Amino acid sequence: MSLSNFDRYQRIAWAYDLLDLPFEYGRYRKIRPLLFRGLSGRILEAGVGTGRNFPFYPPTSEVVGIDLSPAMLARAECRRHTAATKVELRQMDVTQLNFPDRSFDAAVATFLFCTLPDELQIAGMRELGRVVKPGGIIRCLEYTRPSGGFRRAMTRLWEPWVYWAYGAGFDRQTERHVPEAGLQLRESRFVADELIKLLGAVA
Ligand SMILES: C[S@@+](CC[C@H](N)C(=O)[O-])C[C@H]1O[C@@H](n2cnc3c(N)ncnc32)[C@H](O)[C@@H]1O
């Protein structure tokens, strides 16, 4: 039986921060601020997880964080004090956002799309485009599979565990789905070796 993302994150929420700790401090802390450069106003964070982006929210913003997993949101709730801005947390699926069209100035997501199965990628991206005002920025940090060498071999080794634990893959085609979801790709660059890409799009 294959687990849904809901079941996976309900199962792993209690241990999530611990398992992620080496990556959080070795890799993610340096690149999370890139997500928020120049953003202000009402921002949607999709797949907010345990709230690891809170310290990087622009002080001039107010943020709504959504996540599929109530257990992950409960962890985020405990971290709310690390944000310098107003944060609202809601349980929601990124592929079916319960917000009106054009109700956010920008949207961000970190390591969400690499956990979404291929068939939900466009729906998730399209929903972000729908709720962001025209011209609003959508930014993501996502894992990719390195093109060759040692790193590619390492990701191949890691992949079964990463899929079992997080439902994540290194082979998602998120960048390709940006135009397919009706958005304009404005930025695509590696920000951690050949492993993590910053994608920027405009609604
Ligand atoms: C790998 S974690 C990343 C968490 C956080 N963004 C971070 O950077 O640490 C992926 C998160 O996406 C959430 N998620 C998975 N599928 C989702 C969906 N369809 N809608 C909303 N959130 C989802 C999971 O519950 C989990 O909290």
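Helices (H or I, at least four residues) and strands (E, at least two) are DSSP runs, numbered from the N terminus. By that rule, Thr-174 sits in helix 5, which covers residues 174–180. Welcome to a predicted model, in which local features need pLDDT of at least 70, side-chain atom pairs count only at pLDDT 80 or more, and totals for chains, interfaces and linings use all residues. Residues are numbered from 1 along each chain as its sequence is written.

**Overall fold**

- The protein has five helices and seven strands, and from the N terminus on they follow the order α-β-β-α-β-β-α-β-α-α-β-β.
- The radius of gyration, taken over C-alpha atoms, is compared with a globule rule of 2.2 Å times the number of residues to the power 0.38. For 203 residues a compact globule would come near 17 Å, and the protein agrees with its 16 Å.
- Along the principal axes, the C-alpha trace spans about 40 × 35 × 35 Å.
- A residue is called buried if 20 or more other C-beta atoms lie within 10 Å of its own, exposed if 12 or fewer, and partly exposed in between, with C-beta atoms placed from the backbone. On this count, 37% of the 203 residues are buried.
- Two residues are in contact if their C-beta atoms, placed from the backbone, lie within 7 Å. Among contacts with a separation of 6 or more, 70% join residues 24 or more positions apart.

**Helix 1, the bent one**

- The expected span of a helix is 1.5 Å times one less than its number of residues. A straight helix of 27 residues would span 39 Å, yet helix 1 (residues 5–31) spans only 25 Å between its end C-alpha atoms.
- The bend at a residue is the angle between axes fitted to the seven residues ending there and the seven starting there; for helix 1 this gives about 70° at Ala-13.
- Ala-13 is also one of the buried residues of helix 1, alongside Asn-5, Arg-8, Tyr-9 and Tyr-16.
- An α-helix has 3.6 residues a turn, so residues three or four places apart point the same way.
- The cover over the buried residues of helix 1 includes helix 2 (70–79) and helix 4 (149–166).
- Ile-12 belongs to helix 1 as well, but is partly exposed, with 18 other C-beta atoms within 10 Å. Its C-alpha lies 7.1 Å from that of Ala-165, although the two are 153 residues apart in sequence.

**Around the ligand**

- A residue is near a molecule if its C-beta atom, placed from the backbone, lies within 6 Å of it. The ligand is surrounded by 21 residues, of which Tyr-9, Gly-47, Gly-49, Ser-69 and Thr-110 are the closest.
- Helix 1 and strand 2 (61–67) are the elements that give two or more residues to this shell.
- Ala, Val, Leu, Ile, Met, Phe, Trp, Tyr, Cys and Pro count as nonpolar, Asp, Glu, Lys and Arg as charged, and the others, Gly among them, as polar. The shell then divides into 11 nonpolar, seven polar and three charged residues.

**Helix 3 and helix 5**

- Helix 3 (residues 118–131) has Gln-121, Gly-124, Met-125, Glu-127, Leu-128, Gly-129 and Val-131 buried.
- These buried residues pack against strand 1 (41–46), strand 4, strand 5 (132–143) and helix 5.
- In helix 5, Thr-174 counts as buried, with 24 C-beta neighbours inside 10 Å.
- Not counting residues up to four places away in sequence, Thr-174 touches Phe-113, Gln-121, Cys-140, Glu-142 and Leu-199.

**Loop residues worth a look**

- Gly-51 lies in the loop between strand 1 and strand 2 and is buried, with 25 other C-beta atoms within 10 Å.
- Leaving aside neighbours within four places in sequence, Gly-51 is in contact with Arg-75, Ala-76, Arg-79, Arg-80 and Thr-82.
- Most residues other than glycine have a negative phi, and most peptide bonds are trans.
- Arg-102 has a positive phi, near 55°; this residue is in the loop between strand 3 (86–91) and strand 4 (104–110), and is partly exposed with 13 C-beta neighbours inside 10 Å.
- Asp-193 also has a positive phi, about 45°; it is in the loop between strand 6 (184–192) and strand 7 (196–202), and is exposed with 9 other C-beta atoms within 10 Å.
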